[in-house]
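Here is a quick, friendly tour for anyone opening this one up for the first time. Take a look at the picture, then read on.

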Amino acid sequence: MNDNVGIGFYLKKINDFLTANGNNHLKQLDMTVSQMHILMFVVHSEKSTVLQKDIERFFKLKHPTLVGLLQRMEKKELIRVEENPDDRRGNRVVALEKGIRMASEMLEGRKYMDDMLTRDLSEEQKNELMELLRIIYTKTCAGNG
C-alpha cells in the first residue's frame, strides 16, 4: 500500500470502478446503479412489506429524489408504488415480475463483481474484509445522515 494515500483513496477508486462497470452493464438494461440498488432492496428485503420511508432511510435519500427514482422504475414496470393498506399515510413499494427477474440477474452480476474483486484473497481474508467493511460502515456511516 502506498503510504502517501489513505484508505479513503482506495475506497473511492474501488467505488468508481464498481459504479463505472455497473453503469456500463446496466445501460444495456436501461437502468442506473441507483435504480438497481433500490430494486435489490425491495426484492431481497426480509420484510414482507417495503415502505417508501424504509428506502429513504436506508439509502439516505430525500423524498423528492426517491419519488423521481420510483416513478422512473414504475414506467419501466419494475415496481409499483401503492398506498399502504396498513397505514394510509405512507406508500409501499412492490416488485413486479419484470423487476424480480432483473433483480435475479443483477444478483448474479454482483456475485461476479465480488468474486472479481476478491479473487486473490483466501476465504479467511474475504470473510475478514467483509467484517472490517461492515464495522467501518456501521461505526462511521450507518448512523450519519
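## The lay of the land

Start at the N terminus and walk along the chain: the elements come in the order α-α-β-α-α-β-β-α-α. That makes six helices and three strands in the protein. Keep in mind that what you're looking at is a predicted model.

How much room does the protein take up? Along its principal axes, the C-alpha atoms fill a box of roughly 55 × 35 × 25 Å. The chain has 145 residues, and 23% of them are buried. The protein exposes about 10,600 Å², with carbon and sulfur atoms supplying 53% of that area. As for how the chain meets itself, take the contacts between residues at least 6 apart in sequence: 49% of these join residues at least 24 apart.

## Where H3 meets H4

Now zoom in on two helices, H3 (residues 52–59) and H4 (residues 63–75). Their axes come within 10 Å and cross at roughly 115 degrees. The crossing of H3 and H4 is right-handed.

Which residues do the meeting? On the H3 side you'll find Gln-52, Ile-55 and Glu-56, and on the H4 side His-63, Leu-66, Val-67 and Leu-70. Sorted by class, this contact of H3 with H4 has four nonpolar residues, two polar ones and one charged one.

The loop between H3 and H4 is worth a stop too, since Lys-60 sits there. Lys-60 has a positive phi of about 55 degrees although it isn't a glycine. Most residues other than glycine have a negative phi. Lys-60 is partly exposed, with a relative accessible area of 35%.

## A little group of rings

Next up, the aromatics: the structure holds four aromatic pairs. One of them joins Phe-41 and Phe-58, whose ring centres are 4.9 Å apart with 35 degrees between the planes, and this pair is tilted. It links distant parts of the chain, with Phe-41 in helix H2 (residues 33–43) and Phe-58 in helix H3, 17 residues apart.

Phe-58 has another partner in Phe-59: their ring centres are 5.0 Å apart and their planes stand at 85 degrees, so this pair is edge-to-face. The cut-off behind that label is simple, because planes over 60 degrees apart count as edge-to-face. Put together, Phe-41, Phe-58 and Phe-59 form one aromatic cluster.

Are these rings buried or exposed? Phe-58 counts as partly exposed, at 47% relative accessibility. Phe-59 is partly exposed as well, with a relative accessible area of 26%.

## A closer look at Phe-59

Phe-59 has its place in helix H3. What does it touch once residues up to four places away in sequence are set aside? Phe-59 touches His-37, Ile-38 and Phe-41. There's also a spacing to note with Ser-34: the two residues are 25 apart along the chain, and their C-alpha atoms are separated by 9.4 Å.

## Asp-30, in a loop

Head back toward the start of the chain, to the loop between helix H1 (7–27) and H2, and you'll meet Asp-30. Phi of Asp-30 is near 60 degrees, which is a positive value in a residue other than glycine. Is Asp-30 buried or exposed? At 52% relative accessibility, Asp-30 counts as exposed, because the mark for that label is over 50%.

## Toward the far end of the chain

Thr-118 is found in helix H5 (residues 97–118). Its relative accessible area is 14%, so Thr-118 counts as buried, the limit being under 20%. Which residues is Thr-118 in contact with, leaving aside its neighbours within four places in sequence? They are Lys-126 and Leu-129.

Finally, there's Glu-131, which lies in helix H6 (residues 123–141). Glu-131 is partly exposed, with a relative accessible area of 38%. Compare its position with Gln-71: the two residues are 60 apart along the chain, and their C-alpha atoms are separated by 35 Å.

Definitions and conventions:
Residues numbered from 1 in each chain as written. Predicted model: local features only at pLDDT ≥ 70, side-chain atom pairs only at ≥ 80, totals over all residues. Heavy atoms only, no water. Axes fitted to C-alpha atoms, helices over the stretch in contact; angles between N-to-C directions. Helix = DSSP H or I, 4+ residues; strand = E, 2+ residues; numbered from the N terminus. Left-handed = near helix turned anticlockwise from the far one by under 90°. Contact = heavy atoms within 4.5 Å. Nonpolar A, V, L, I, M, F, W, Y, C, P; charged D, E, K, R; others polar. Buried < 20%, exposed > 50% of the residue type's maximum accessible area, 1.4 Å probe, protein only. Areas by Shrake-Rupley, 256 points an atom, 1.4 Å probe, with all protein chains shown as cover. Phe/Tyr/Trp six-rings, centres within 6.5 Å; stacked < 30°, edge-to-face > 60°.
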